[in-house]
Structure formats: structure tokens, C-alpha cells
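These are my notes from a session with one structure, set down in the order in which I looked things up. I began with the vocabulary, went on to the sheet, and ended with single residues.

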Amino acid sequence: MRVAVAALPAMADMVGTWSWDIVDDRMHADDVAGSLFGADLDRLAKGAPLRVFAACIHPDDRDAVLARMHRGAVEGGSFVAEFRVRNAAGRTLWVLSRARYERDRDGRPARAHGILVDMTGSALSETAYDHCVDARPDCPLEQAAEACIAAREALVTAGRPFLLRILDMLLLELGREIGKSLRRAYLRRLS
């Protein structure tokens, strides 16, 4: 049985995770990411096409986020974006998504794994998605997030919930710090 959105602890204390099998177009999300997206938790646990997630992205942000995701799938590397979503209650939330794209042995796009952090109240701006910045592979915080995403995947496979919770707390703080860094960079560009 899936956890109801209302029964989940405060999102500010949690990190949601998602993965995308690019070849088969199957997105999977844990309860936190699914709840932030306001999507059917059972469907997301089983896997759903990207369009199910896309429907939950704010209409003003959707095209830009999807274009960035598809570009990441083709080019590989990292994805960092802050954008708006609508949860099941119809509330608009700002989220920070940080992901890593992987290729298969032949160099074709294969999958992406990422985190989703509720950044409501600390968004880069209160306007539409026009301020996204690229992932900065030379940034120590982003390097740490990349390593933690890989470590999280290993801990899920190993079935270590306590270590997973500790890593989720670290990912949450890294997400907040990356969000603050993005906000500072955005405000510098405005001035």
C-alpha cells in the first residue's frame, strides 16, 4: 500500500528520488518525488512515461524543463533545474532537480537518476522558468551531489535504510546549498 500524500512528513525534511529509463521512456519516483509532482504514487512506483511527470510541471515552465531533460539525455552529463510543479492539492511548489545521465556501452542515452528537493520559499524568482543555469561540473557542491546520487543508488540496491536516510539528509542540504548558489548567481546577473 502506498503512503497517502497527507500522511507524508513535511517535505522540507525529505529528498525525493526519480529515475528515467530513457530507452523505454519509463519514469519511476519514490513517494516524496511523486507527492511533490502530485502524481499517482502507485503508477510512478511501477513506472510511467515522461509525459505523466510533464503534466505536473507548471505550464509556464514545462517546455523549457522538457527541452533541458531531452538535451541532457542526448548529451549525457548532469541536469540541474529549478522549476514549478503542482502537487495533488493544487498548490504550486518550487523544486530543485539534480540528475545524472548515463549512456549505454555504445554511447547512446540510457538512463537518468536524480533527486528532487522542495525549494518553495527559496526559489530563484517568482517568475516563469527563464533563469535556469547549467550544471557546473567544476563546482565542489555539484561534484558532491553527483557522488551522493551514485552512492544513494548503491544503498538502495544494498537495502540499507538507515544509511539511506543519512545520505538523504546530506542530499537535502546539498540541494539547499546549490539552490542558494544558483540564487546568488541569478541575482548577480540581474544587478
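Before placing any residue in a helix, I fixed the term: helices are DSSP runs of H or I with at least four residues, strands are DSSP runs of E with at least two, and both are numbered from the N terminus. I also note at the outset that this is a predicted model.

**Entry 1, the chain as a whole.** I counted 6 helices and 5 strands in the chain, and I read their order from the N terminus as β-β-α-α-α-α-β-β-β-α-α. Of the 191 residues, 48% count as buried. I then looked at contacts with a separation of 6 or more, and found that residues 24 or more positions apart account for 57% of them. The exposed area of the chain comes to about 9600 Å², of which carbon and sulfur atoms supply 55%.

**Entry 2, the sheet.** Which order do the strands take in the sheet? I read it as β2-β1-β5-β4-β3, an open sheet of 5 strands with antiparallel pairing. The edges are held by β2 (26–29) and β3 (77–86), and because each has a single partner strand, one side of each is left without a neighbour in the sheet. From one strand to the next, the twist averages 20°.

I next asked what packs on this sheet. Helix α4, residues 59–75, does so, touching β1, β2, β3, β4 (92–103) and β5 (109–118), and its direction makes about 160° with that of β3. Helix α5, residues 140–158, also packs on the sheet, where it touches β1, β3, β4 and β5, and its direction makes about 75° with that of β4.

**Entry 3, pairing strand by strand.** I started with β1 (residues 16–21), which is joined to β2 by 4 bridges, the two strands running antiparallel. As one example of this pairing, I noted that S19 has H28 in β2 as its bridge partner.

I moved on to β3 and β4, which run antiparallel and are joined by 10 bridges. Two pairs that I looked up here are E82, which stands opposite L96 in β4, and R84, which stands opposite W94 in β4. The hairpin of β3 and β4 has 5 residues between the strands, and within this hairpin G90 takes a positive phi near 85°.

The pairing of β4 with β5 is antiparallel as well, over 9 bridges, and here I found Y101 with A112 of β5 as its bridge partner. These strands form a hairpin with 5 residues between them, and G107 in the turn has a positive phi of about 85°.

I also checked how well two of these strands are covered. In β3, 7 of the 10 residues are buried, so that I describe the strand as mostly covered even though β3 stands at an edge. In β4, 10 of the 12 residues are buried, and this strand is mostly covered too.

**Entry 4, R84 and D61.** Is R84 of strand β3 buried or exposed? Its relative accessible area is 10%, and because buried means under 20%, I count R84 as buried. I then asked which side chain R84 meets in a polar contact, and found that of D61, at 2.8 Å. D61 has its place in helix α4, which packs on the sheet and touches β3 among other strands. With a relative accessible area of 0%, D61 is buried, and I therefore record the 2.8 Å contact between D61 and R84 as one between two buried residues.

**Entry 5, cysteines.** How many disulfides does the structure hold? I found 0. Two cysteines that I looked up are C56, which counts as buried at 11% relative accessibility, and C148, which counts as buried at 8%.

**Entry 6, E173.** My last query was E173, which lies in helix α6, a helix of residues 161–190. With a relative accessible area of 36%, E173 is partly exposed. I compared its position with that of V15: E173 and V15 are 158 residues apart in sequence, and their C-alpha atoms are 9.5 Å apart in space.

Technical notes. Residues numbered from 1 in each chain as written. Predicted model: local features only at pLDDT ≥ 70, side-chain atom pairs only at ≥ 80, totals over all residues. Heavy atoms only, no water. Pairing = 2+ DSSP bridges. Axes fitted to C-alpha atoms, helices over the stretch in contact; angles between N-to-C directions. Contact = heavy atoms within 4.5 Å. Buried < 20%, exposed > 50% of the residue type's maximum accessible area, 1.4 Å probe, protein only. Polar contact = N/O pair within 3.5 Å; in protein donor to acceptor, adjacent residues only side chain to side chain. Disulfide = S-S within 2.5 Å. Areas by Shrake-Rupley, 256 points an atom, 1.4 Å probe, with all protein chains shown as cover.
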